[in-house]
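Visitor: Good morning. I should like to go through this structure with you, one topic at a time. Where shall we begin?

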Amino acid sequence: MALLSVQQLEFGIGSEQLLLAGVDFEIEAGERVCVVGRNGAGKSTLLKLLAGEIPADEGSITRDPATVVTRLAQEVPADTVGTVYEVVAAPLGDQGRLLAEYHRLAGDLSAPGSMDRLGVLQSRIEAGGGWDLERRVSEVVTRLELPGDADFKALSGGMKRRVLLGQALVRDPDVLLLDEPTNHLDIEAIDWLESFLLGFGGSIVFITHDRRFLRALATRIVEIDRGVLTSWPGDYDNYLRRREERLHAEDLARAHFDKKLAEEEVWIRQGIKARRTRNEGRVRALEKMRRERSERIERQGKVKLTAQTAQRSGKRVVELDHVRFGYPDKLLVRDFSTTILRGDRVGLVGPNGAGKTTLLRLMLGDLAPDAGKVTLGTGLEIAYFDQQRAQLDENATVADNVAGGMEFIDFGGKRKHVISYLQDFLFPPDRARAPITRLSGGERNRLLLARLFAKPSNVLVMDEPTNDLDVETLELLEELLVDYPGTLLLVSHDREFLDNVVTSLLVIDGEGGIEESVGGYSEWLQRQTRQRSAAAAPTRSREPAPAQSGQRTGAKLTYAESLELERLPAEIDALEGQLAELSEQLSDPALHRGPAEAVTNLNATLAETQARLDAAYSRWEALDARSAAAG
């Protein structure tokens, strides 16, 4: 039986076109459904409707009264206050407030009358059956590794999102609705969330622009396109393949329809002789075709991303020489030197608050280092995408934010009307003349891109450009950055975007250390895994055989070790096969419909297999290095 069923759902805004038109679909137990579609298609609206936060215009949403549905919103509510424990317990109503007060008093009994109040609270909680809820709150706080006594307002953006996830989970939901859960999370937090949700026993309906996150989680794709919802079973790559096939078939059918309509229009306009012999059935068929054509909803066009390029900069773009920078309470850059050359595409990654934006500003000369020297190259034309969107004038229209009040912009040596230019970024004329206060987050990011690319540049600096962009625009931005002839400095937490765009990384640890790494994020991560395994390998090899502890690295392998070296590649292949099989089992929705213990056991087996694989890799690397050194 479906946990949630939607029948003929309709929802629109004012007199505009319906966002959702006659939507039907169901959510089964254990499913992980990703809702995809262009910005403004109605994805967030659908989640709000499923959560019961807004009413539908038509249709119905039915669910068993025992089914619990909770939603994690895209933005952190500004009015959320209190300790982490209080915020997590808030959805539990009066019992939640009693538990939060009990937790606070139990941690500090120094205030007069604390013991008496604690006794009163204990009695009221017990009378209301609240101790089961207390165990649930404590379990969520522990499971999500939350600082229960910390002030919510003082937390980082990523940790706030984790607390709000705890708030959603404390109701023990059967269906968890997540709207862009990876927004504003750093890569470590995204990895943690991905692992956590893979082990979640309930159903999940989520929206995301993070393709790697989507591929790891989704067992079904639901697409909203021009008000119509289509369900695509299977993974994301299967959806992309079948969607292209459907769009191709739609284009052929529309071309055939338009050709037939044109022929009938020619016929109806023939002379008096044709009118005398006119077939009234054919006339009625033509009128029906005209109505169909007028009611057709065209697909939203693609963003046309083209960046203006300035003359080439000098070979050296920026050089940092033993740079140090920090604040009284935190060191962000410690004795760092690097040179970025023309044409480099450099990604900056690290935890939230580690200093990625600060390092960008040091490189651009916006900040002076506490020590060391920053030297900028010659002929630099810098275009800067600001994650805070501070470059936008809230009092101006979309067009004025791009053209500064002028009607034309100079693009590639030619004059182009600003309204025409903005249409390439999917802003129709009425939207282009509207104030930017009416824009959604995705539209604001598109506007920043339009403003950025209208300016000739040979250095692009992009600080979190992927937030709020739909996947299609994200992929087009990727293509543009790959082909961009200048230098790129990019801050992003999108792992696939980094892998597809950058050629090197600056990895910031948040304690002043910065590591340079060639390649994308996945290559850096693989090297980190190998290094950790190699560092742990000598300890493991010494424990079972203490007599070998004095052996030199280049010593010749024993006969047994030679056999082990020959055997290890096959063992590694087998373990990798087991790991792939376990991951596939974990992605099966049927597994999550069964006992939660089965999911826990499978996760434990997967972790054990991964540890064995890491150990086998490190052992093979150690033996292979010794064999090569011994000649």
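Guide: Let us begin with R212, which is partly exposed, with a relative accessible area of 25%. Please keep in mind that this is a predicted model.

Visitor: Which residue forms a salt bridge with R212?

Guide: The partner is D499, and the closest N and O atoms of the pair are 2.8 Å apart. D499 lies in helix α18 and R212 in helix α8 (residues 211-217), so this salt bridge ties together parts that are 287 residues apart in sequence.

Visitor: And D499, is that buried or partly exposed?

Guide: D499 is partly exposed, because its relative accessible area is 24% and buried would require a value under 20%.

Visitor: Why would two such side chains pair at all?

Guide: Side chains of opposite charge can pair when their charged atoms come close.

Visitor: How many salt bridges are there in the count?

Guide: The count comes to 16 salt bridges. One of them links R495 with D191, where the closest N and O atoms are 2.6 Å apart. R495 lies in helix α18 (residues 495-501) and D191 in helix α7 (residues 187-198), so that pair ties together parts that are 304 residues apart in sequence.

Visitor: Are R495 and D191 buried or partly exposed?

Guide: R495 counts as buried, at 3% relative accessibility, whereas D191 counts as partly exposed, at 27%.

Visitor: What about E319, which residue does its side chain meet in a salt bridge?

Guide: The side chain of E319 meets that of R316, at 2.6 Å from N to O. E319 is partly exposed, with a relative accessible area of 27%, and R316 is partly exposed as well, with 36%.

Visitor: Which residues are joined into one network by salt bridges that share partners?

Guide: That network is made up of D191, E194, D210 and R495.

Visitor: Let us change topic. How many aromatic pairs are counted?

Guide: The count is six aromatic pairs. In one of them, the ring centres of F325 and Y327 are 5.4 Å apart and the ring planes stand at 85 degrees, so the pair is edge-to-face. F325 is buried, with a relative accessible area of 6%, while Y327 is partly exposed, at 44%.

Visitor: And how are the rings of Y521 and W524 arranged, what is that pair called?

Guide: The pair is tilted, because the planes of Y521 and W524 are at 40 degrees; their ring centres are 5.7 Å apart. Both residues lie in helix α19 (residues 521-542), three residues apart, which is about one turn of the helix. Both Y521 and W524 are buried.

Visitor: Which charged residues sit over rings?

Guide: Among them is R162, whose charged end sits over the ring of W192, 4.0 Å from its centre. Another is R446, which lies over the face of F427 at 5.2 Å from the ring centre.

Visitor: Now the strands, please. What is the order in the open sheet of three strands?

Guide: The order is β2-β1-β4, and the pairing is antiparallel. β2 (20-27) and β4 (58-63) stand at the edges with a single partner strand each, so one side of each is left without a neighbour in the sheet. From one strand to the next, the twist averages 15 degrees.

Visitor: How many bridges join β1 to β4?

Guide: Five bridges join β1 (residues 4-11) to β4. In one example, V6 has I61 of β4 as its bridge partner.

Visitor: Which helix packs on that sheet?

Guide: Helix α1 (residues 43-51) does, touching β1, β2 and β4. The direction of α1 makes about 125 degrees with that of β1.

Note on methods
Residues are numbered from 1 along each chain as its sequence is written. This is a predicted model: local features need pLDDT of at least 70, side-chain atom pairs count only at pLDDT 80 or more; totals for chains, interfaces and linings use all residues. Side-chain values use heavy atoms; hydrogens and water are left out. Two strands pair if DSSP finds at least two bridges between them. Helices (H or I, at least four residues) and strands (E, at least two) are DSSP runs, numbered from the N terminus. Axes are lines fitted to C-alpha atoms, for helices over the stretch in contact, and angles run from 0 to 180 degrees between N-to-C directions. Contact means heavy atoms within 4.5 Å. Rings of Phe, Tyr and Trp (its six-membered ring) pair if their centres lie within 6.5 Å; planes under 30 degrees apart count as stacked, over 60 as edge-to-face and the rest as tilted. Buried means under 20% relative accessible area, exposed over 50%, partly exposed in between (1.4 Å probe, protein chains only). A charge sits over a ring if NZ of Lys or CZ of Arg is within 6 Å of the ring centre and within 35 degrees of the ring normal. A salt bridge is a side-chain nitrogen of Lys or Arg within 4 Å of a carboxyl oxygen of Asp or Glu.
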